[in-house]
Amino acid sequence: MPILELPEIKEYDLPEFRALTIKERLEIYARLTRSQRELIDAHRKYLIKSEFLKDSYLKASDWEFQDLKIDLNYPEKESNQTLLYCECGRRLKYQYIVKSKETGKVMGLGSQHFKDHLKIPQQVATEIVSRLNNVDLALDELLWLKRYGVEFPEELWEVYAFNLYQIQQANTEYEINFSLAHRLVDFKEANMPLYVTDFKAVQQEIEKMGQIGREEDKESLTEEGFTRFKKSLPTNLKKETLFNQALIWSSQIQKRIETHSEVPVLPKRFFEELFLILKDEDEVSRKRHLSYFSNKGMGKWIQKEVYDHLLEKVEEYGLNSSFLDEIHPFMRVGLSPFVETLESSKKINDEKVKNSVKKITNLLSEFDKEIQREIVKNLSVYLE
């Protein structure tokens, strides 16, 4: 088929960006949907935890970051809300929850009291506070974009998804930036604009993937196949085994790959046995036999997540070309000959049935209705 029509990627940037005041943050935050607020909160915790892990002093210390609590009504007081306080008694807007690895003690701290309570050097405490303030500055970027009505860049997602689809269909090895891909999916699901740096990073990924795609592989691309691929992509991107051939192998084989040059290979009989299990029309039986298969012999060489995905797709599509489009390229190559033979056989049988029905219809037309009914009645008895 011709190359799919893809939208033009529209650029966006931060118009006249500046740090937001606390009041501005709260006003924009209050206008977000619930899923967008949850994304902002989760991302703030992730960034803070990253800052804690980044600091070599804190990594070596007894304390680790656990959670972040926010008083959205600070500094106002409301009787129906639990107020947040530092260990020193000072009321807080942001309360950082830290836990002792040794004793399990949990403390809630304000950003200004890390030095006193965690017993860390002044210089380290100052650096941590500075970086924690930078977390809000980073999130201000997202709130600023929302303020100007910028949404998730669907056209960027469309082109990104297409390039991944093309690589999967070509069975080409490509090292996906999963950290970026997971953020892209999370922000898409919440309809949140991307960080400008992430937007540009996705563009760079698209360029790299586009250089890998080959003209001779374009014939395998279809509008229907891309639609299916795109629909399941947000879920599938969270299963990294579907996009990284090295990850489909068991952890034991992955360790061996690191120290040995030979590439592991699955023999034809592995795929023959796997195909026969997937061909089972009884869902319960198919699931039971696949579970047994995955726990013995060569079956143990492959991650369980790969088998779970095969089950999910065979239940959704059956054993056909749509099923092949949706599975890991490595599995597709091994199972394709069996699935294609099955499809070919079905087409031949369907054609035979169609021709037979036509012949019987022509024969029946030579008789009156009563004789036709009698013939059909006798045929039904025969079939029993």
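Start by selecting Ile97 and Gly108: Ile97 stands opposite Gly108, which belongs to β5. The model on screen is a predicted one.

Next, widen the selection to β4 and β5. These two strands pair in the antiparallel sense, with four bridges between them. They form a hairpin with five residues between the strands. Within this hairpin, pick Gly104, where phi is positive, near 85°.

Now add β1, residues 63-70. The three strands make up an open sheet, ordered β1-β4-β5, with antiparallel pairing. β1 and β5 (106-109) are the edge strands, each pairing on one side only. From one strand to the next, the twist averages 25°. Strands of a sheet pair through backbone hydrogen bonds, either parallel or antiparallel.

Hide β5 and keep β1 with β4. β4 covers residues 94-100, and seven bridges join this strand to β1, the two running antiparallel. Two residue pairs can be selected here. Glu64 has Lys99 in β4 as its bridge partner. For Leu68, the bridge partner in β4 is Tyr96.

Then bring in helix α2, residues 34-54. This helix lies across β1 and β4, and α2 runs at about 155° to β1.

Finally, show the whole model and colour β4 by relative accessible area, taking under 20% as buried. How many of the seven residues of β4 are buried? Six are, so β4 is largely enclosed by the rest of the structure.

Note on methods: Residues are numbered from 1 along each chain as its sequence is written. This is a predicted model: local features need pLDDT of at least 70, side-chain atom pairs count only at pLDDT 80 or more; totals for chains, interfaces and linings use all residues. Side-chain values use heavy atoms; hydrogens and water are left out. Two strands pair if DSSP finds at least two bridges between them. Axes are lines fitted to C-alpha atoms, for helices over the stretch in contact, and angles run from 0 to 180 degrees between N-to-C directions. Contact means heavy atoms within 4.5 Å. Buried means under 20% relative accessible area, exposed over 50%, partly exposed in between (1.4 Å probe, protein chains only).
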